[in-house]
Amino acid sequence: MNQDLGAVTNVSHVEVRRISIAPATTGGAHMHNGPVFGTIESGSVTFQIGSGEEIVLTAGDVFYEPAGVVVSKFDTGDEPVVFLGYFLLEDGAVPEIEFTS
C-alpha cells in the first residue's frame, strides 16, 4: 500500500493495537480522530468507506481508514477476525472511535 495522507501533517506518534472481533459482528458505521491503517491477521471482514465499493478483506490484506470519514462497514464473517490497527495521532491524542447512525 502507498497511501497519500493529504493534509495530515501533525502526526507525532503511532499507536499499534491488536484487535479481535467475534464472528458475525456488524461493526457499525464509524469514524476515527486520525488516519488508521490495518492488516488483517486472520478471519475476514466486509469493508466499505462511505458509499464506496464493498470489499472483503482476508488474512494478509491491508486497509486504510481516513480521519473523519465514515467507515460504513467493518463486518466480520463466519470466523473471528484479528487485525493490527495502526493509529496515526497528533501530540497528546489517543485513538477515538465515534459511531454514526
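Does Val14 count as buried, exposed or partly exposed, and what is its relative accessibility?

1. Let's take Val14 straight away, bearing in mind that this is a predicted model. Val14 counts as partly exposed, because its relative accessibility is 47% and the exposed label is kept for values over 50%. You'll find Val14 in strand S1, which covers residues 13-21.

2. Val14 also has company on the outside. Together with Val11 and Val16, Val14 forms a nonpolar patch on the surface. The three share about 220 Å² of accessible area.

3. Now for a residue on the inside. His32 sits in strand S2, residues 30-32. With a relative accessible area of 11%, His32 is buried, because the cut-off for that word is under 20%.

4. What does the side chain of His32 reach at 3.3 Å? Have a look at Glu96: the partner is the backbone oxygen of that residue. Glu96 is also on the list of residues that His32 touches, along with Glu65, Ala67, Gly68, Phe87 and Ile97, leaving aside residues up to four places away in sequence.

5. Next, the core. The largest nonpolar core is made of nine residues: Ile40, Val45, Phe47, Leu57, Phe63, Val71, Phe74, Val81 and Phe83. At least two of the core residues come from each of strand S4 (44-49), strand S7 (71-76) and strand S8 (81-89).

6. Pick out Val81 from that core and see what surrounds it. Leaving out residues up to four places away in sequence, Val81 touches Ile19, Ser20, Ile21, Ile40, Ser42, Gly43, Ser44, Val45 and Thr76. Two names there, Ile40 and Val45, should ring a bell, as they belong to the largest nonpolar core.

Terms used:
Residues are numbered from 1 along each chain as its sequence is written. This is a predicted model: local features need pLDDT of at least 70, side-chain atom pairs count only at pLDDT 80 or more; totals for chains, interfaces and linings use all residues. Side-chain values use heavy atoms; hydrogens and water are left out. Helices (H or I, at least four residues) and strands (E, at least two) are DSSP runs, numbered from the N terminus. Buried means under 20% relative accessible area, exposed over 50%, partly exposed in between (1.4 Å probe, protein chains only). A polar contact is a pair of N or O atoms within 3.5 Å; within protein, one must be able to donate a hydrogen and the other to accept it, and residues adjacent in sequence count only if both atoms are side-chain atoms. Contact means heavy atoms within 4.5 Å. Patches are made of residues with over 30% relative accessible area and no salt bridge: like charges are joined within 9 Å, nonpolar side chains (Val, Leu, Ile, Met, Phe, Trp, Tyr) within 5 Å. Accessible areas come from the Shrake-Rupley method with a 1.4 Å probe; for residues, only the protein chains shown count as cover. A salt bridge is a side-chain nitrogen of Lys or Arg within 4 Å of a carboxyl oxygen of Asp or Glu. A nonpolar core is a set of buried Ala, Val, Leu, Ile, Met, Phe, Trp, Tyr and Cys residues joined through side-chain atoms within 4.5 Å.
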